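Reader: I've got a model open on my screen and I'd like to learn how to read it. Can you walk me through it?

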Amino acid sequence: MAYTVPKLTDYSAAALVKAVNQCIDACQAEAAAVKNESELKLLRDRWLGRKTGILTQINDLWLKGSPKGEKREVGIHVNELKLRIQILVEGTQLAVGETVKAVSDGVDITLPGIRRPIGAEHPVIKTMHEIVAVFQKLGYSVAEGPVVETDYYNFEALNFPPNHPARDTQDTLFIAGQQTKPQRERLLLRTHTSPVQIRTMERMRPPLRIVIPGQVHRNDPPDASHSPMFHQVEGLAVDTNITFGDLKGTLDHAMKALFGSSVKTHFRPSFFPFTEPSAEMFVSCFICGGSGQRGSDPCRPCKQTGWIEILGCGMVDPNVFEFVKDNGYDPKKVSGFAFGMGADRIALLKYGVDDIQLFFQGDVRFLQQFS
Ligand code: DAH
């Protein structure tokens, strides 16, 4: 028998639920029986028709006809019922046949799917990839190593003797509970990517050309230019007869490839335990073109000097080769150069971002600008 809207006498919740369910069951049965377009039209008119459709009748009979005190409760049930009937009937409209079942099971297949935006490379990772790519084109391979490192690789084999003051410059974060181990086995968060130099020389015999991207940590309080976690790209070339001239030529080329062919490089003496001689390399400021001025304003990124410090470098100290001598790195026979740069700092400069914290706060509005 075709469904007709009953009059309600009992407005209790149980009675309402029962009436609602009967109505839905009836609608489901009718929707499932629809076979063609004209039956579908009849279904729509019968249930959703504005003037005399079943939903309108329910509104009049159940809601308007209910006692004053019950109206709120009845309204909630009627609204829910309307929504479900609409979904059922409209769903039937879009998908006659087998999908009618899916709709009546409570899955509204007519709703649009969930759109997941495609991600993009993080600006720091993107910068690291760009730096790495420059060296790959020169024939360098990529090497990586662990972020949790031993004292041996992070310090000792890089010619930082135990208790040497150069260790203090690296504000190390140590892993707790290591005191019972011999010092060289104690774990820490690597403070630089340089330990991967040793790890790779242990595995591969010379000649060697590697570039090493990775995450490093230091016990620095976060501010606009410091983060306890940051990124470096390291490089190492070892062969017979590698000279400081090779270092300068390679790095000058790399800077031109990264910042544009008009940048100049210059080197100042410095100190690192693992290189001798050591240098800091500067590039002419690619923001002000080396003038130190931006119009009438001082150029902030280069502090008006016209030069930006970009990396540390030097000739591999023979003491470092001593640690891997057995794998073909006899300091009397081979020489090499190494360098290390901060990828986050380069990304800050490249994109004109003035606070490193923005890179790591995960604010999609910030990150979207680089996609
Ligand atoms: N490891 C150094 C640091 O984190 C950077 C560095 C300097 C790396 C000179 C090198 C190098 O390979 O030769 O401060």
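Reader: Let me start with helix 11. What covers its buried residues?

Author: One thing to keep in mind as we go: this is a predicted model. Now, your helix. The cover over the buried residues of helix 11 includes helix 6, strand 6, helix 9, strand 11 (307-316), strand 12 and helix 12 (357-360).

Reader: And which residues of helix 11 are the buried ones?

Author: In helix 11 (residues 343-351), they are Ala 343, Asp 344, Ile 346, Ala 347, Leu 348 and Leu 349. Just after the helix comes Gly 352, with a positive phi near 65°.

Reader: Helix 6 and helix 9 both came up. How do I read the way they pack?

Author: Look at the angle of the axes first, then at the side chains. The axes of helix 6 (residues 123-137) and helix 9 (residues 244-259) come within 10 Å and cross at roughly 130°. The two helices are therefore oblique to each other. Their crossing is right-handed. From helix 6, the contact uses Glu 130, Ile 131, Val 134 and Phe 135, and from helix 9 it uses Thr 250, Leu 251, Ala 254, Ala 257 and Leu 258. By class, that contact of helix 6 with helix 9 has 7 nonpolar residues, 1 polar and 1 charged.

Reader: Now try me on another pair. At what angle do helix 1 and helix 2 pack?

Author: Helix 1 (residues 13-32) and helix 2 (residues 37-48) pack at about 165°, and their axes are 11 Å apart. That makes helix 1 roughly antiparallel to helix 2. The crossing of this pair is right-handed. On the helix 1 side you'll find Cys 23, Ala 26, Cys 27, Glu 30 and Ala 31, which meet Leu 43, Arg 46 and Trp 47 of helix 2. Sorted by class, the contact of helix 1 with helix 2 holds 6 nonpolar residues, no polar ones and 2 charged ones.

Reader: On to the sheet. In what order do its strands run?

Author: The general idea is that strands of a sheet pair through backbone hydrogen bonds, either parallel or antiparallel. Here, 7 strands make an open sheet in the order 1-5-6-12-11-8-7, with mixed pairing. Strand 1 and strand 7 (265-272) are at the edges with a single partner strand each, so each has one side without a neighbour in the sheet.

Reader: Which pairings run parallel or antiparallel?

Author: Strand 1 (residues 141-142) and strand 5 run parallel, joined by 2 bridges. Strand 5 and strand 6 (residues 229-239) run antiparallel, with 10 bridges. You can follow this through one residue: Val 211 of strand 5 is the bridge partner of Val 142, and Val 211 is also partnered with Gly 235 in strand 6. At the other edge, 7 bridges join strand 7 to strand 8 (residues 275-284), again antiparallel. There, Phe 267 has Met 281 of strand 8 as its bridge partner.

Reader: What packs against this sheet?

Author: Helix 6 does, touching strand 1, strand 5, strand 6 and strand 12 (335-342), and its direction makes about 5° with that of strand 6. Helix 8 (residues 195-203) lies across strand 5, strand 6 and strand 12, at about 140° to strand 5. Strand 5 (residues 208-217) is mostly covered, with 8 of its 10 residues buried.

Reader: How do I judge a single residue, say Asn 154? Is it buried or exposed?

Author: Check its relative accessibility: Asn 154 has 0%, so it counts as buried. Asn 154 sits in helix 7 (residues 151-154). Its contacts farther off in sequence than four places are Glu 149, Phe 160, Leu 188, Arg 190, Thr 191, His 192 and Pro 195.

Reader: Last one: where should I look for unusual backbone geometry?

Author: Most residues other than glycine have a negative phi, and most peptide bonds are trans. In this model, the bond from Pro 206 to Pro 207 is cis, with omega near 0°; Pro 207 is in the loop between helix 8 and strand 5. The bond from Glu 276 to Pro 277 is also cis, and Pro 277 lies in strand 8. For phi, try Lys 303, which is not a glycine yet has a positive value of about 50°. Lys 303 is exposed, with a relative accessible area of 70%. Gln 304 has a positive phi too, about 65°, and is partly exposed at 47%.

Notes: Residues are numbered from 1 along each chain as its sequence is written. This is a predicted model: local features need pLDDT of at least 70, side-chain atom pairs count only at pLDDT 80 or more; totals for chains, interfaces and linings use all residues. Side-chain values use heavy atoms; hydrogens and water are left out. Axes are lines fitted to C-alpha atoms, for helices over the stretch in contact, and angles run from 0 to 180 degrees between N-to-C directions. Helices (H or I, at least four residues) and strands (E, at least two) are DSSP runs, numbered from the N terminus. Angles under 35 degrees count as roughly parallel, over 145 as roughly antiparallel, 65 to 115 as roughly perpendicular and the rest as oblique. A crossing is left-handed if the near helix is turned anticlockwise from the far one by less than a right angle, and right-handed if clockwise. Contact means heavy atoms within 4.5 Å. Ala, Val, Leu, Ile, Met, Phe, Trp, Tyr, Cys and Pro count as nonpolar, Asp, Glu, Lys and Arg as charged, and the others, Gly among them, as polar. Buried means under 20% relative accessible area, exposed over 50%, partly exposed in between (1.4 Å probe, protein chains only). Two strands pair if DSSP finds at least two bridges between them.
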